[in-house]
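Thanks for sharing this one. Below are my notes, kept short so that you can read them beside the structure.

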Amino acid sequence: NLPSDTARTSFIQPLEALLAKPYHSQFTNTYNAPKVNAIQSMLQLLVKLRPIPVLDTFLLQSLSSDYNAIYEVLTYFECEYDALRKIQVVADSSPYHLIKAIQRCYDALGERD
């Protein structure tokens, strides 16, 4: 039995709150222990969800630089864009903020496409 849209939507705010917690960095700054990047791991998981949850773009951009998760955030944005593009009827109504976020990721990587 698949969860309802209401259940899926109620998942977004707590997920954003979890991603925004500052304690994730404690495991990436240790010198003697293996490095675990919880943000990268969570973003890799989110990309696999169907439908992909629509998270705050600004939060994800912050995470990309703060937790060295630029590739994971870029992959997330591209998957979200593909999902939104598939359900949109009019091609001109592309989510502008998402396109700009993808461009900023490529700019941060020093790539033009």
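1. A word on terms before the helices come up: contact here means heavy atoms within 4.5 Å, and a residue is buried when its relative accessible area is under 20%. Please also keep in mind that this is a predicted model.

2. The overall plan is easy to state. The protein has 6 helices and 0 strands, so the pattern along the sequence reads α-α-α-α-α-α. Of its 113 residues, 34% are buried. Among contacts between residues at least 6 apart in sequence, 59% link residues at least 24 apart.

3. I would start with α4. Its buried residues are Thr57, Leu59, Leu60, Gln61, Leu63 and Ser64. The cover over these residues includes α2, α3, α5 and α6.

4. Both ends of α4 deserve a look. At its start, a side-chain oxygen of Asp56 comes to within 3.4 Å of the backbone nitrogen of Phe58. After the helix comes Asn68, which has a positive phi, near 50°.

5. Leu63 is a good residue to click on within α4. Why does Leu63 count as buried? Its relative accessible area is 4%, and the cut-off for buried is under 20%. Leaving aside neighbours within four places in sequence, Leu63 is in contact with Leu19, Ile39, Asn68 and Ala69. The C-alpha atoms of Leu63 and Val73 are 7.9 Å apart, with their positions 10 residues apart along the chain.

6. Next comes α5, with 18 residues. From first C-alpha to last it reaches 26 Å, close to the 26 Å expected at 1.5 Å a residue. Its buried residues are Ile70, Glu72, Val73, Leu74, Tyr76, Phe77, Glu80 and Leu84. These buried residues pack against α3 (38-46), α4 (57-66) and α6 (96-109).

7. Which residues touch the most other members of the largest nonpolar core? In this core of 26 residues, they are Leu19, Ile39, Leu55, Leu60, Tyr76 and Phe77. The elements giving two or more residues to the core are α2 (12-20), α3, α4, α5 and α6. The largest share, 6 residues, comes from α5.

8. Glu80, in helix α5, is the residue I would check by eye. Glu80 is buried yet has no salt bridge. The nearest side chain of opposite charge is Arg50, 11 Å away. What does Glu80 contact, leaving aside its neighbours within four places in sequence? The residues in contact with Glu80 are Ile52, Val54 and Leu98.

9. How many salt bridges does a search of the whole structure find? The count is 1. The pair is Arg85 and Asp82, whose side chains meet at 3.4 Å, N to O. Both residues belong to helix α5 (residues 70-87) and lie 3 residues apart, about one turn of the helix. An α-helix has 3.6 residues a turn, so residues three or four places apart point the same way.

10. Are the two partners buried, partly exposed or exposed? Arg85 counts as partly exposed because its relative accessibility is 48%. Asp82 is also partly exposed, with a relative accessible area of 33%. Helix α5 thus holds both this salt-bridged pair and Glu80, which is buried without a salt bridge.

Note on methods:
Residues numbered from 1 in each chain as written. Predicted model: local features only at pLDDT ≥ 70, side-chain atom pairs only at ≥ 80, totals over all residues. Heavy atoms only, no water. Salt bridge = Lys/Arg side-chain N within 4 Å of Asp/Glu carboxyl O. Helix = DSSP H or I, 4+ residues; strand = E, 2+ residues; numbered from the N terminus. Buried < 20%, exposed > 50% of the residue type's maximum accessible area, 1.4 Å probe, protein only. Expected span 1.5 Å × (residues − 1). Lys, Arg positive; Asp, Glu negative; His and termini not counted. Core = buried A, V, L, I, M, F, W, Y, C linked by side-chain atoms within 4.5 Å. Polar contact = N/O pair within 3.5 Å; in protein donor to acceptor, adjacent residues only side chain to side chain.
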